[in-house]
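Trainee: Got a minute to walk me through this one? I'd like to get my bearings before I do anything with it.
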Amino acid sequence: MGLVLATTAELALVTTILLLIIATPLAWWLARSRRWWKEVIGAVTALPLVLPPTVIGFYVLIALGPASPLMALLEPFGIRTLAFTFTGLVIGSLFYSLPFAIQPLRTAFEAIGDRPLEIAATMGAGPLDRFLTVALPLARRGFLSAAILVFAHTVGEFGVVLMIGGNIPGKTEVLSTRIYQLVESLQFGEAHRIAAVLVLFSFAALLALLLVERRIGTPRP
C-alpha cells in the first residue's frame with residue numbers, strides 16, 4: 001500500500017510541475033493573442049474535458065508503443081517503448097490533465113487586463129520583464145488553482161493510467177487502479193478504505209480551492 005501511495009503522489013507531483021511549466025506560456029498566448037484561430041487551439045487543449053479517458057489512453061498507448069514513429073526516433077537511444085512505464089503514465093497524465101492547468105491560468109491572465117502591463121512598459125520594462133514581474137505575480141491565484149486541480153485530478157485518474165500503465169504492481173499501480181483490482185478480487189473492505197481516503201482527499205482539494213478563490217481576489221486592471 002505504501003508503494004502504491006508513493007507512486008500516486010510522485011505521478012501527481014511530476015505531472016503538476018511539468019504542466020505548470022508547459023501550460024504557462026500557452027495560457028498566456030491564449031489570453032493575449034488576438035488571432036481568430038486561437039480558439040481552435042483553445043478547443044484542442046480543452047478536448048480532454050469531453051473525451052472519454054479510454055480514448056486518450058488508447059491514442060497515447062499507440063503513440064508510445066514499439067510500432068510508433070515516435071518510438072522509432074528514440075530507438076537509437078535504446079528506447080523501444082514507453083508503454084507500461086512510469087514515464088508513459090506521466091505523458092498520458094499531461095494530456096489528460098492539461099485543461100485543468102490551461103483554464104485557470106488563462107482566466108487569471110485575462111483578468112489582469114492591459115493597464116498594469118502598459119504602466120510597466122512606460123517605465124521601460126520589456127516584454128519578458130513585464131511577464132515575470134507583473135503578470136506572474138498578479139496571476140498567482142490562477143497558479144494555485146491550477147496546481148490544486150491538476151494534482152487532485154491526476155490522483156483520481158483511472159482510465160488513462162490503466163490503459164497506459166497496465167496496473168503493474170510496484171511500477172505503474174496507483175490508488176485508483178488498486179481499488180479496481182481489489183473490487184475485482186472481491187476485497188471490498190480494503191477497497192472501501194482506499195476509496196474513503198480518496199473521498200477525503202478530494203474534499204480537502206476542493207476546500208483548498210474554494211479558500212484560494214476567497215482569500216486571493218481576482219486581479220483588477
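Trainee: How many helices and strands does the protein chain have?
Mentor: There are 11 helices and 0 strands. Keep in mind that this is a predicted model.

Trainee: And what are the spans of the C-alpha trace along its principal axes?
Mentor: About 65 × 45 × 30 Å for the protein chain. The accessible surface comes to about 12,200 Å², and 70% of that belongs to carbon and sulfur atoms.

Trainee: What share of the residues is buried?
Mentor: Buried residues make up 40% of the 221 in the chain. As for contacts between residues at least 6 apart in sequence, 72% of them join residues at least 24 apart.

Trainee: OK, the inside then. Which residues have the most contacts within the largest nonpolar core?
Mentor: Leu105 and Phe109, in a core of 32 residues. The elements giving two or more residues to this core are H1, H3, H5 (86-112), H7 (127-138), H8 (140-155) and H9 (159-165). H5 supplies the largest share, 11 residues.

Trainee: What does Phe109 touch?
Mentor: Leaving out residues up to four places away in sequence, Phe109 touches Thr24, Ala27, Trp28, Ala31, Phe131, Ala135, Leu136, Ala139 and Phe143. Apart from the largest core lies another one, of 9 residues, with Ala12, Ile179, Leu182 and Ile194 among them.

Trainee: Switching to H1: is Thr15 buried or exposed?
Mentor: Thr15 counts as buried, because its relative accessibility is 0% and the cut-off for buried is under 20%. Thr15 is in helix H1, residues 2-32. Beyond residues up to four places away in sequence, its contacts are Val90, Ser93, Leu94, Val150 and Thr154.

Trainee: Now the outside. Which residues form a nonpolar patch on the surface?
Mentor: Trp36, Trp37, Val40, Ile41, Val44, Leu47, Leu49, Val50 and Leu51, with about 880 Å² of accessible area together.

Trainee: Where does Leu49 sit in that stretch?
Mentor: Leu49 is in the loop between helix H2 (38-46) and helix H3 (53-64). It counts as partly exposed because its relative accessibility is 48%, and exposed would need over 50%.

Trainee: What does UniProt list as "transmembrane region"?
Mentor: The unreviewed entry gives residues 12-31, 43-65, 77-98, 143-165 and 194-212. In the model, residues 43-65 are 70% helix and 0% strand, with end C-alpha atoms 27 Å apart. Residues 194-212 are 100% helix and 0% strand, and there the end C-alpha atoms lie 27 Å apart.

Trainee: Which residues does the "domain: ABC transmembrane type-1" annotation cover?
Mentor: Residues 5-211, again according to an unreviewed UniProt entry. Over that range the chain is 77% helix and 0% strand, and its end C-alpha atoms are 26 Å apart.

Trainee: Last topic, backbone oddities. What is phi of Phe84?
Mentor: Near 60 degrees, a positive value in a residue other than glycine. Phe84 is in the loop between helix H4 (69-74) and H5, and it is partly exposed, with a relative accessible area of 38%.

Trainee: What about phi of Asn167?
Mentor: Near 55 degrees, so also positive in a residue that isn't glycine.

Trainee: And where is Asn167, and is it buried or exposed?
Mentor: Asn167 is in the loop between H9 and helix H10 (175-184). It counts as buried, at 13% relative accessibility.

Conventions
Residues are numbered from 1 along each chain as its sequence is written. This is a predicted model: local features need pLDDT of at least 70, side-chain atom pairs count only at pLDDT 80 or more; totals for chains, interfaces and linings use all residues. Side-chain values use heavy atoms; hydrogens and water are left out. UniProt positions are given in the numbering used here, feature names are shortened, and annotations may be inferred rather than shown by experiment. Helices (H or I, at least four residues) and strands (E, at least two) are DSSP runs, numbered from the N terminus. Patches are made of residues with over 30% relative accessible area and no salt bridge: like charges are joined within 9 Å, nonpolar side chains (Val, Leu, Ile, Met, Phe, Trp, Tyr) within 5 Å. Accessible areas come from the Shrake-Rupley method with a 1.4 Å probe; for residues, only the protein chains shown count as cover. A salt bridge is a side-chain nitrogen of Lys or Arg within 4 Å of a carboxyl oxygen of Asp or Glu. Buried means under 20% relative accessible area, exposed over 50%, partly exposed in between (1.4 Å probe, protein chains only). Contact means heavy atoms within 4.5 Å. A nonpolar core is a set of buried Ala, Val, Leu, Ile, Met, Phe, Trp, Tyr and Cys residues joined through side-chain atoms within 4.5 Å.
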